[in-house]
Amino acid sequence: MTTDPKHLTESEASAEAARLIREAYRPEAPATPTSFRDTTPVPAFGTTPPERQPDHRIVPEWAAGIAVASIGIGAGVTGIGCGAWLVFQGLSSVTLLGVIAIAAPFVGIATVATAVGAAISKAKRSSTTNVYQGTVIKRTDITSTARGIGARSRIEG
């Protein structure tokens, strides 16, 4: 019997088809396993041999960047919060003597800066005499016309 479909006779082809159908629907045909359960007993004590568990997760680059940025921002905000807490703790224990001790150097610097600025201002100031030459005309004629909603004032002369 040849298995090449081009050379089968009609009766051989129907016999081969019947055989394939019987083989496909045979109840004792072994099923292909789709899962596996390890039935070996676990030792009652001691170490269990490690089982390889491959991890094939892929994290997108943008997600990793956002995670790193979030950690950095969180750490920065925590640092700022700790700094603010320390400042407020220090401010809550302020006394008048402490304020004077802290402000004294700044007051000294401000006094020196004011003195230097006043000295420079006086050194720059020179006496200038403004001399105006020519005819000075003062116009005092005012004409006012009020018509309708608005009023206009014109100086004529």
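This report covers the overall make-up, the salt bridges, the main pocket and a surface patch of a predicted model.

**Overall make-up**

The chain contains 3 helices and 2 strands. Read from the N terminus, these elements follow the order α-α-α-β-β. Of the 157 residues in the chain, 1% are buried. The chain exposes about 15300 Å², and 64% of that area is supplied by carbon and sulfur atoms.

**Salt bridges in helix α1**

Side chains of opposite charge can pair when their charged atoms come close. In the whole structure, 2 salt bridges are found. The table sets out the two pairs.

| Pair | N to O distance | Separation in sequence | Element |
|---|---|---|---|
| Glutamate 16 and arginine 19 | 2.5 Å | 3 residues | helix α1 |
| Arginine 19 and glutamate 23 | 3.1 Å | 4 residues | helix α1 |

Helix α1 spans residues 10-24. The step from glutamate 16 to arginine 19 is about one turn of the helix, and the step from arginine 19 to glutamate 23 is likewise about one turn. Arginine 19 takes part in a bridge with glutamate 16 and in another with glutamate 23. Glu16, Arg19 and Glu23 are thus linked in a network of salt bridges.

How accessible are the members of this network? Arginine 19 has 34% relative accessibility and so counts as partly exposed, since that class lies between the 20% limit for buried and the 50% limit for exposed. Glutamate 23 is also partly exposed, because its relative accessibility is 41%.

**The largest pocket**

Rolling a probe the size of a water molecule over the atoms shows where empty space is left. The largest pocket in the model has a volume of about 150 Å³. Its lining is made up of Asp38, Thr40, Pro41, Val42, Pro43, Thr48, Pro49, Pro50 and Glu51. By class, the lining residues divide into 5 nonpolar, 2 polar and 2 charged. Asp38 and Glu51 are the charged members, while Thr40 and Thr48 are the polar ones. The nonpolar part consists of Val42 together with Pro41, Pro43, Pro49 and Pro50.

**A nonpolar surface patch**

Which residues form the nonpolar patch on the surface? The patch consists of Val87, Phe88, Leu91, Val94 and Val99, and together these residues have about 480 Å² of accessible area. Helix α2, residues 61-92, gives the largest share of the patch, with 3 residues. Valine 87 is placed in helix α2. With a relative accessibility of 49%, valine 87 counts as partly exposed, because a residue must be over 50% to be called exposed.

Technical notes
Residues numbered from 1 in each chain as written. Predicted model: local features only at pLDDT ≥ 70, side-chain atom pairs only at ≥ 80, totals over all residues. Heavy atoms only, no water. 1 Å grid on protein atoms, 1.4 Å probe; cavity = no way out; pocket = protein on both sides within 12 Å on 5 of 7 lines; lining within 4 Å. Points joined across faces, edges and corners; volume = space filled by probe spheres on them. Patch = residues over 30% accessible without salt bridge, like charges linked within 9 Å, V, L, I, M, F, W, Y side chains within 5 Å. Areas by Shrake-Rupley, 256 points an atom, 1.4 Å probe, with all protein chains shown as cover. Salt bridge = Lys/Arg side-chain N within 4 Å of Asp/Glu carboxyl O. Buried < 20%, exposed > 50% of the residue type's maximum accessible area, 1.4 Å probe, protein only.
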